[in-house]
Amino acid sequence: MGFQLSPSGFVVNGQANLDLSLTLHANSGPAGAGRKWHVECLDGEAAVGIQDFVNDYQKIEVLWCKFMFPYKPPTNGLYPFYPNCHIRNYTQQFFCFSPVNVLATINTFITGLWDNDLQFFVSRRGLDDTNIYKCCRAPTGYYIDYTSCYYMPTHDQYWEYYDSVQHIITYCASGYVMAGIAKKSNQYDLEWHVEWIQCCRVGFAGGSLFAPPSMDPKDPLRTVRSDNSTFFLTGILPPTESTRRKTV
């Protein structure tokens, strides 16, 4: 297994399917960098970890991308790799999913990072309030299992940060992807640091996926699925009028 240099970082050829997108080499360059994603995962990949070398996660220096969707039809190098994406700011928006816009943000995960000065600092108040990340919808057949999500902190219980020049320590377990990231103020130095990443399991349903059920406005106890089948909140069979009066 060897390393092959790619535009997005170092790609390991082999079963590991590892793509390390390095952020610290993005300095300088043309003005076009202000209009594109500085660090982004490739086709079929998702972000699964981050790393800071020596700065106590006051900046992000490595984004770990892993190939996660083998059943996704390839784009054959054409951009964008995922057709349905949105952006968030992890200064105050910690999750790809947003309850105020469920249809646009459900089953989404992190695929890219952008920084206004290409340094990826998060600690300078005012200067580093724009910490943009990209979230994309899982390919058809895949979903994000939100009941399995957990948080991977960037420090231990003594507030020692997991920075390392040789190892990526803050990353998701096998089969999990980054669905959120947060920065918060350290209670001891009162400075901003990346606090945690949220890891969620990727599931594969296969076949057809249906939209969530909707309530029938004419009968609140009757629920209609997207495949036009129905069920009732009080049981398998339609409720009687006496049951309806008790449950409404």
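# Group meeting talk: disulfides, a sheet and two cores

Let's start with one residue, Pro 73, which counts as exposed because its relative accessibility is 61%. The scale works like this: buried means under 20% relative accessible area, exposed means over 50%, and partly exposed is in between, with a 1.4 Å probe and protein chains only. Pro 73 sits in the loop between S6 and S7. Its C-alpha atom is separated by 8.5 Å from that of Gly 44, a residue 29 places away along the chain.

A quick word on what you are looking at. This is a predicted model, in which local features need pLDDT of at least 70 and side-chain atom pairs count only at pLDDT 80 or more, while totals for chains, interfaces and linings use all residues. Residues are numbered from 1 along each chain as its sequence is written, and side-chain values use heavy atoms, with hydrogens and water left out.

When I say S or H with a number, I mean a DSSP run, numbered from the N terminus: helices are H or I with at least four residues, and strands are E with at least two.

Now, the sheet. In which order do the three strands of the open sheet come? The order is S10-S13-S12, and the pairing is antiparallel. Two strands count as paired if DSSP finds at least two bridges between them. On the edges are S10 (142-153) and S12 (176-185), each of which pairs on one side only. From one strand to the next, the twist averages 25°; for angles like this, axes are lines fitted to C-alpha atoms, for helices over the stretch in contact, and the angles run from 0 to 180 degrees between N-to-C directions.

If pairing is new to you, strands of a sheet pair through backbone hydrogen bonds, either parallel or antiparallel. Here, S12 and S13 (residues 192-204) pair in the antiparallel sense over nine bridges. To find one of them on your screen, look for Ile 181, whose bridge partner in S13 is Ile 197.

Next, the disulfides. A disulfide here is a pair of cysteine sulfur atoms within 2.5 Å, and by this rule the count comes to five. Counting bonded cysteines along the chain, the pattern is 1-2, 3-6, 4-5, 7-10, 8-9. Let me walk you through three of the links.

Cys 85 and Cys 136 have their sulfur atoms 2.1 Å apart. The torsion about their S-S bond is about 105°, so this disulfide is right-handed. Cys 85 is in strand S7 (residues 85-89) and Cys 136 in strand S9 (residues 131-137), so the pair links distant parts of the chain, 51 residues apart. Is each end buried or exposed? Cys 85 is partly exposed, at 33% relative accessible area, while Cys 136 is buried, at 1%.

Another disulfide joins Cys 96 to Cys 135, with an S to S distance of 2.0 Å. Its torsion is about -80°, so the link of Cys 96 and Cys 135 is left-handed. Since Cys 96 lies in the loop between S7 and helix H1 (102-105) and Cys 135 in strand S9, the pair ties together parts that are 39 residues apart in sequence. Cys 96 counts as buried because its relative accessibility is 0%, and Cys 135 is buried at 0% too.

The last one I'll show brings us back to the sheet: Cys 149 is joined to Cys 200, S to S 2.0 Å. With 115° about the S-S bond, this link is right-handed. Cys 149 lies in S10 and Cys 200 in S13, so the pair ties together parts that are 51 residues apart in sequence. Cys 149 is partly exposed at 23%, whereas Cys 200 is buried at 0%.Right beside it in sequence is Ser 148, also in strand S10. Ser 148 counts as buried, at 17% relative accessibility. What does Ser 148 touch? Leaving out residues up to four places away in sequence, the list is Tyr 176, Cys 199, Cys 200 and Arg 201, where contact means heavy atoms within 4.5 Å.

Finally, the cores. A nonpolar core is a set of buried Ala, Val, Leu, Ile, Met, Phe, Trp, Tyr and Cys residues joined through side-chain atoms within 4.5 Å. The largest has 25 residues, and Ile 50 and Ile 181 are among those with the most contacts inside it. Apart from it lies another core of 16 residues, including Cys 136.
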